[in-house]
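Grab a pencil and open the viewer. Below are some exercises, each with a solution you can follow step by step.

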Amino acid sequence: MTLCPSNQIIHPGRVYGFFKDWDMKTPFEASKMPKLYEDLDDVSANEIQYLDDEIQAIKKALVAKFPDLMLPQIIPISDRICSMYDGQISDKSSLKRIFNTNTGYSRVPFPMVPVDKKDPSKVVLNRQARFFWEDVPFGLVILKDIGQIMGVKTPHCDKQIIFHQKFMPIKYVDEKTGEFLPGALKDSGAPSRYGITTPEQLVEFSLAQNSSTNNDFFFKQQKAKL
């Protein structure tokens, strides 16, 4: 479910936090690479939080327009992680520490590849990782599109798309205007790609989905997926 904070905001926030000043070519020492979550820093945690705040703003807009819409799974990311990893987190004092002390997140590496297959000691970011090809077109792009449909500005989502598309041959957002580029949504999961451009269409489409699906969005009398 796109509006449930998960990989589509965690991965981009972390990648941005570590690689934001990288020149995209200088290799890293493989032995000195930090862990994805155990070593997550303040910059990364802040970026993840900014993205989550935008998700919560979209939720607020949806509920304001559709008062009977129930969104029980769209909770703040810190609460969501603590719920999913109950008993595995030793320090819940901040989002950063939640990541750092979650045993369920331990020992996860960054997606890196060796510059020379014969010498794995030097590595660079893997541009074929799902962090780009899943979390951008089927995560961040969808969030931005839903935000636009609901009239919610998503500047941090825009920033993350613009940053990540530097590593991709496909461009989604105009760096100057922050708007989607013409034709950019054709290979994404954005609702607008399917002709869904109004809040009413979002909800109507949701109600039309298979009722047997385990959805996170529903009205008080009828379950639905957005």
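Keep in mind throughout that this is a predicted model.

**Exercise 1. A helix and its surroundings**

Task: Find out what covers the buried residues of α7, and work out how enclosed this helix is.

Solution:
- Step 1. Start with the cover: the elements lying over the buried residues of α7 include α1 (7-19), α2, α5 (130-133) and α6.
- Step 2. Now list what is being covered. The buried residues of α7 are Cys-157, Asp-158, Gln-160, Ile-161, Ile-162, Phe-163 and His-164.
- Step 3. Put that against the length of the helix: seven of the 10 residues of α7 are buried, so the rest of the structure largely encloses it.

**Exercise 2. A bridge between two helices**

Task: Which residue forms a salt bridge with Lys-159, and which parts does the pair tie together?

Solution:
- Step 1. Look for the partner. Lys-159 forms a salt bridge with Glu-47, and their closest N and O atoms are 2.9 Å apart.
- Step 2. Place both ends: Lys-159 sits in helix α7 (residues 155-164) and Glu-47 in helix α2, so the bridge ties together parts that are 112 residues apart in sequence.
- Step 3. Check how open each end is. Buried means under 20% relative accessible area. Glu-47 has 7%, so Glu-47 is buried. Lys-159 has 28%, so Lys-159 counts as partly exposed.

**Exercise 3. Two more salt bridges**

Task: The total comes to eight salt bridges. Take the Asp-21 and Lys-20 pair and the Lys-186 and Asp-187 pair, and sort their residues into exposed or partly exposed.

Solution:
- Step 1. Begin with Asp-21 and Lys-20, whose side chains meet in a salt bridge at 3.0 Å, N to O.
- Step 2. You need one cut-off here: exposed means over 50%. With a relative accessible area of 66%, Asp-21 is exposed, while Lys-20, at 31%, is partly exposed.
- Step 3. Move on to Lys-186 and Asp-187, where the N to O distance is 2.8 Å. Lys-186 comes out at 53% and is exposed; Asp-187 comes out at 44% and is partly exposed.

**Exercise 4. Into the core**

Task: Which residues of the largest nonpolar core touch the most other members, and which helix gives the largest share?

Solution:
- Step 1. The largest nonpolar core has 65 residues, and the ones touching the most other members are Ile-10, Phe-19, Ile-81 and Phe-99.
- Step 2. Helix α6 (residues 136-150) supplies the largest share of this core, with eight residues.
- Step 3. Zoom in on Phe-19. Skip its neighbours within four places in sequence, and you'll find Phe-19 in contact with Phe-28, Met-33, Phe-110, Met-112, Leu-125 and Phe-163.

**Exercise 5. Reading the sheet**

Task: In what order do the strands of the open sheet lie, and which are at the edges?

Solution:
- Step 1. Trace the three strands: the order is β1-β4-β3, with antiparallel pairing.
- Step 2. Spot the edges. β1 (28-29) and β3 (112-116) are the edge strands, since each pairs on one side only.
- Step 3. Look at how β1 is held: two bridges join β1 to β4 (residues 119-125). In this pairing, Phe-28 stands opposite Val-123 in β4.

**Exercise 6. Far in sequence, how far in space?**

Task: How many Å separate Ala-57 and Thr-154, C-alpha to C-alpha?

Solution:
- Step 1. Locate Ala-57 in helix α2 (residues 42-65).
- Step 2. Along the sequence, Ala-57 and Thr-154 are 97 residues apart, yet in space the C-alpha to C-alpha distance is 9.0 Å.
- Step 3. Finish with accessibility: Ala-57 has 30%, so Ala-57 counts as partly exposed.

Key
Residues numbered from 1 in each chain as written. Predicted model: local features only at pLDDT ≥ 70, side-chain atom pairs only at ≥ 80, totals over all residues. Heavy atoms only, no water. Pairing = 2+ DSSP bridges. Helix = DSSP H or I, 4+ residues; strand = E, 2+ residues; numbered from the N terminus. Buried < 20%, exposed > 50% of the residue type's maximum accessible area, 1.4 Å probe, protein only. Core = buried A, V, L, I, M, F, W, Y, C linked by side-chain atoms within 4.5 Å. Contact = heavy atoms within 4.5 Å. Salt bridge = Lys/Arg side-chain N within 4 Å of Asp/Glu carboxyl O.
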